[in-house]
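The following paragraphs walk through helix packing and a few individual residues in one protein chain. Please keep the sequence and the coordinates open while reading.

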Amino acid sequence: MLFRSDCVDALVWRGGLLNTLGRPQEGLHSLERALALKPDNAEGHYNCGVIYQGLLRYEEALRHYESARALKVTADTLNNLGLVLSQFERDAEALECYRQAMAMKPSPLTQLNVALVQLKGGNYIEGWREYQGRWEATDIMRDAKPAYSQPQWTGAEQIGRAHV
C-alpha cells in the first residue's frame with residue numbers, strides 16, 4: 001500500500017486498520033510515527049490506547065487514553081479509559097469516566113460497564129438495575145437474551161417473596 005509516510009492522518013488511519021487486521025505491532029509502529037510528527041493528535045493516542053489495551057499493556061494504554069482525553073474528550077475515550085482504570089482497581093475514577101461517557105453518548109456497553117463497577121463495589125440495587133442493559137450491549141447478547149415465562153426482577157424490594 002502506497003501512502004505518504006509524513007501524512008499524520010494517513011498514518012493514524014493505517015495504524016487503526018492494521019490493528020483491525022490483527023497486526024497490532026505494525027499498527028503501533030504507524031501510530032508512533034504519526035505521534036512523532038504530531039504529538040497532539042488525539043485519535044493517534046486513542047488508537048494507541050486501543051492497541052495497548054488489546055495487548056494487555058494497561059500502563060501504556062492508560063497513558064495514551066489520558067493523553068487523548070486531554071486533547072479531545074469523546075465518549076469512546078472515556079469508556080475505554082474507564083475500562084483500563086478498572087484494571088488498576090481505580091473504580092471510582094472509572095465510574096466517573098463511564099458516567100461522563102453516558103452523558104455524551106448513551107450506550108448499552110457503557111451502561112454495562114457502569115453496572116459491573118457498581119456491583120463490584122457492592123452497590124447492588126443500582127448495579128443490578130443498570131445490569132439489565134447487558135442484553136443490548138452487543139449483537140451476541142441481544143441474540144442470547146432468554147425469554148422468561150415469569151416477570152423479571154427489576155431490583156425493587158420484594159418483601160415476603162423468595163428469589164430462586
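Axes here are lines fitted to C-alpha atoms, for helices over the stretch in contact, and angles run from 0 to 180 degrees between N-to-C directions. The model is a predicted one.

With that convention, begin with helix α7, residues 108–120, and helix α8, residues 124–131, which pack at an angle of about 155 degrees with their axes 8 Å apart. Angles over 145 degrees count as roughly antiparallel, so α7 is roughly antiparallel to α8. The crossing of these two helices, α7 and α8, is left-handed. On the α7 side the contact is made by Q111, L112, V114, A115, L116, Q118 and L119, and on the α8 side by Y124, E126, G127, W128, R129, E130 and Y131. Sorted by class, the residues of the contact of α7 with α8 are 8 nonpolar, 3 polar and 3 charged.

Two residues can be examined around the start of α7. S107 lies in the loop between α6 (91–104) and α7. Is S107 buried or exposed? S107 counts as buried because its relative accessibility is 19%, and the cut-off for buried is under 20%. The side chain of S107 reaches the backbone nitrogen of L109 at 3.2 Å.

P108 is found in helix α7 itself. With a relative accessible area of 33%, P108 is partly exposed. Not counting residues up to four places away in sequence, P108 touches G133, E136 and A137. A long-range separation can be given for P108 as well: its C-alpha atom and that of N41 are separated by 28 Å, the two residues being 67 residues apart along the chain.

Next come the contacts of helix α5, taken with α4 and then with α3. Helix α4 covers residues 58–71 and packs with α5 at an angle of about 145 degrees, their axes being 9 Å apart. The crossing of α4 and α5 is left-handed. From α4, the residues Y58, A61, L62, Y65, E66, A68 and R69 take part, and they meet T77, L78, N80, L81, V84, L85 and Q87 in α5. The contact of α4 with α5 has 9 nonpolar, 3 polar and 2 charged residues.

How does α3 meet α5, and at what angle? Helix α3 (residues 42–54) and helix α5 (residues 75–87) pack at an angle of about 35 degrees, with their axes 11 Å apart. The crossing of α3 past α5 is left-handed. Y46, V50 and Q53 of α3 make this contact with D76, T77, N80, L83 and V84 of α5. In the contact of α3 with α5, the residues divide into 4 nonpolar, 3 polar and 1 charged.

T77 appears in the contact of α5 with α4 and also in the contact of α5 with α3. T77 is placed in helix α5 and counts as buried, because its relative accessibility is 3%. Leaving aside neighbours within four places in sequence, T77 is in contact with Y46, Y65, A68 and R69. In addition, the side chain of T77 makes a polar contact with the side chain of T74, at 2.8 Å.

E66, from helix α4, can be set beside T77. E66 and T77 are 11 residues apart in sequence and 8.5 Å apart in space, C-alpha to C-alpha. E66 is partly exposed, with a relative accessible area of 31%. Apart from neighbours within four places in sequence, E66 is in contact with L81 and R90.

Finally, the loops hold two backbone details. Most residues other than glycine have a negative phi. L56 is not a glycine, yet its phi is positive, about 65 degrees. L56 sits in the loop between α3 and α4, and at 58% relative accessibility it counts as exposed. Where is E89 placed? E89 is in the loop between α5 and α6. Although E89 is not a glycine, it has a positive phi of about 60 degrees. E89 counts as exposed, because its relative accessibility is 56% and exposed means over 50%.

Definitions and conventions: Residues are numbered from 1 along each chain as its sequence is written. This is a predicted model: local features need pLDDT of at least 70, side-chain atom pairs count only at pLDDT 80 or more; totals for chains, interfaces and linings use all residues. Side-chain values use heavy atoms; hydrogens and water are left out. Helices (H or I, at least four residues) and strands (E, at least two) are DSSP runs, numbered from the N terminus. Angles under 35 degrees count as roughly parallel, over 145 as roughly antiparallel, 65 to 115 as roughly perpendicular and the rest as oblique. A crossing is left-handed if the near helix is turned anticlockwise from the far one by less than a right angle, and right-handed if clockwise. Contact means heavy atoms within 4.5 Å. Ala, Val, Leu, Ile, Met, Phe, Trp, Tyr, Cys and Pro count as nonpolar, Asp, Glu, Lys and Arg as charged, and the others, Gly among them, as polar. Buried means under 20% relative accessible area, exposed over 50%, partly exposed in between (1.4 Å probe, protein chains only). A polar contact is a pair of N or O atoms within 3.5 Å; within protein, one must be able to donate a hydrogen and the other to accept it, and residues adjacent in sequence count only if both atoms are side-chain atoms.
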